[in-house]
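This briefing concerns a predicted model. The points below are grouped by topic and are meant to be read alongside the sequence and the structure.

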Amino acid sequence: MSAGRLYDGFLPGRHQIDAYGNGGFRFADMSHRGSILALPSGIKAWPIASIAELTDEVLEPIFAEAEEIELLLLGTGRDVAAIPGAFRERFRDAKIGLDVMQTGAAARTYNILLAENRKVAAALIAVA
């Protein structure tokens with residue numbers, strides 16, 4: 001495993017987000033350029049760069065772990081962005097709460113809830 005990269009796009013375990021910005025994130029003594037999903041199973045590379053790229057396919061890893069997630073924090077980048085109603089319905093149907101905010105706020109909130117051992121996940125779009 002090379003330092004600074006997710007091995008095969010995945011790091012098992014629950015990890016605090018140590019820093020964000022410059023197009024990526026720092027966590028678990030690693031850094032990753034690009035967006036990430038912080039899920040109960042681990043941190044995964046997330047292949048989107050803006051909320052406009054949100055699709056059922058890129059959300060699938062979240063729904064695959066729905067039983068372990070009560071709340072998803074969706075960090076939409078530097079600015080808060082609207083989420084289409086169809087996606088909100090999917091979260092409602094899966095009984096996952098959805099909170100949409102700037103990526104920085106989502107990362108900070110994720111760390112707090114993770115420290116409280118809550119069933120939280122985060123989908124974080126990288127910011128420059």
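Strands β2 (residues 19-21) and β3 (residues 24-27) are paired in the antiparallel sense through 3 bridges. Strand β3 is also joined, again antiparallel, to β4 (residues 30-33), in this case by 4 bridges. The points that follow take up these hairpins, then the nonpolar cores, the aromatic pair, two buried threonines and a further residue with positive phi.

**Hairpins of β2, β3 and β4**

- Across the β2 and β3 pairing, Y20 has F25 of β3 as its bridge partner.
- Two strands, β2 and β3, form a hairpin with 2 residues between them, and N22 adopts a positive phi near 50 degrees there.
- In the pairing of β3 with β4, F27 is placed opposite M30 of β4.
- The hairpin of β3 and β4 likewise has 2 residues between its strands, and its turn contains A28, with a positive phi of about 50 degrees.
- A28 takes this phi although it is not a glycine; most residues other than glycine have a negative phi.
- A28, in the loop between β3 and β4, is partly exposed because its relative accessibility is 32%.

**Nonpolar cores**

- The largest nonpolar core comprises 23 residues, and W46, L54 and I62 have the most contacts inside it.
- Two or more residues of this core come from each of β5 (35-39), α1 (56-64), β7, α2, β8 (97-101) and β9 (120-124).
- Helix α1 supplies the largest share of the core, with 4 residues.
- Beyond its neighbours within four places in sequence, W46 contacts S35, I36, L37, L54, V58, L59, L74, A123, L124 and I125.
- Apart from this core lies another of 19 residues, which includes F27, M30, A106 and Y110.

**Aromatic pair**

- The structure contains 1 aromatic pair.
- The pair consists of F63 and F91 in a tilted arrangement, with 4.8 Å centre to centre and 45 degrees between the planes.
- Because F63 belongs to helix α1 and F91 to helix α2, the pair ties together parts that are 28 residues apart in sequence.
- F63 and F91 are both buried.

**Buried threonines T76 and T103**

- T76 is located in the loop between β7 (71-75) and α2 (85-93).
- T76 counts as buried because its relative accessibility is 9%, which falls under the 20% cut-off.
- The T76 side chain reaches the backbone nitrogen of A81 at 3.2 Å.
- Not counting residues up to four places away in sequence, T76 touches I51, A81, I83, V100, M101, Q102, T103 and I125.
- T103 is situated in helix α3 (residues 103-115).
- With a relative accessibility of 0%, T103 is likewise classed as buried.
- Outside its neighbours within four places in sequence, the contacts of T103 are F25, G75, T76, G77, L124, I125 and V127.
- The contact lists of T76 and T103 therefore name each other, and both lists include I125.

**Positive phi at K95**

- K95, a residue other than glycine, has a positive phi near 60 degrees.
- K95 is found in the loop between α2 and β8.
- K95 is exposed, as its relative accessible area is 70%, and that value is over the 50% cut-off.

Technical notes
Residues are numbered from 1 along each chain as its sequence is written. This is a predicted model: local features need pLDDT of at least 70, side-chain atom pairs count only at pLDDT 80 or more; totals for chains, interfaces and linings use all residues. Side-chain values use heavy atoms; hydrogens and water are left out. Buried means under 20% relative accessible area, exposed over 50%, partly exposed in between (1.4 Å probe, protein chains only). A polar contact is a pair of N or O atoms within 3.5 Å; within protein, one must be able to donate a hydrogen and the other to accept it, and residues adjacent in sequence count only if both atoms are side-chain atoms. Contact means heavy atoms within 4.5 Å. A nonpolar core is a set of buried Ala, Val, Leu, Ile, Met, Phe, Trp, Tyr and Cys residues joined through side-chain atoms within 4.5 Å. Rings of Phe, Tyr and Trp (its six-membered ring) pair if their centres lie within 6.5 Å; planes under 30 degrees apart count as stacked, over 60 as edge-to-face and the rest as tilted. Two strands pair if DSSP finds at least two bridges between them.
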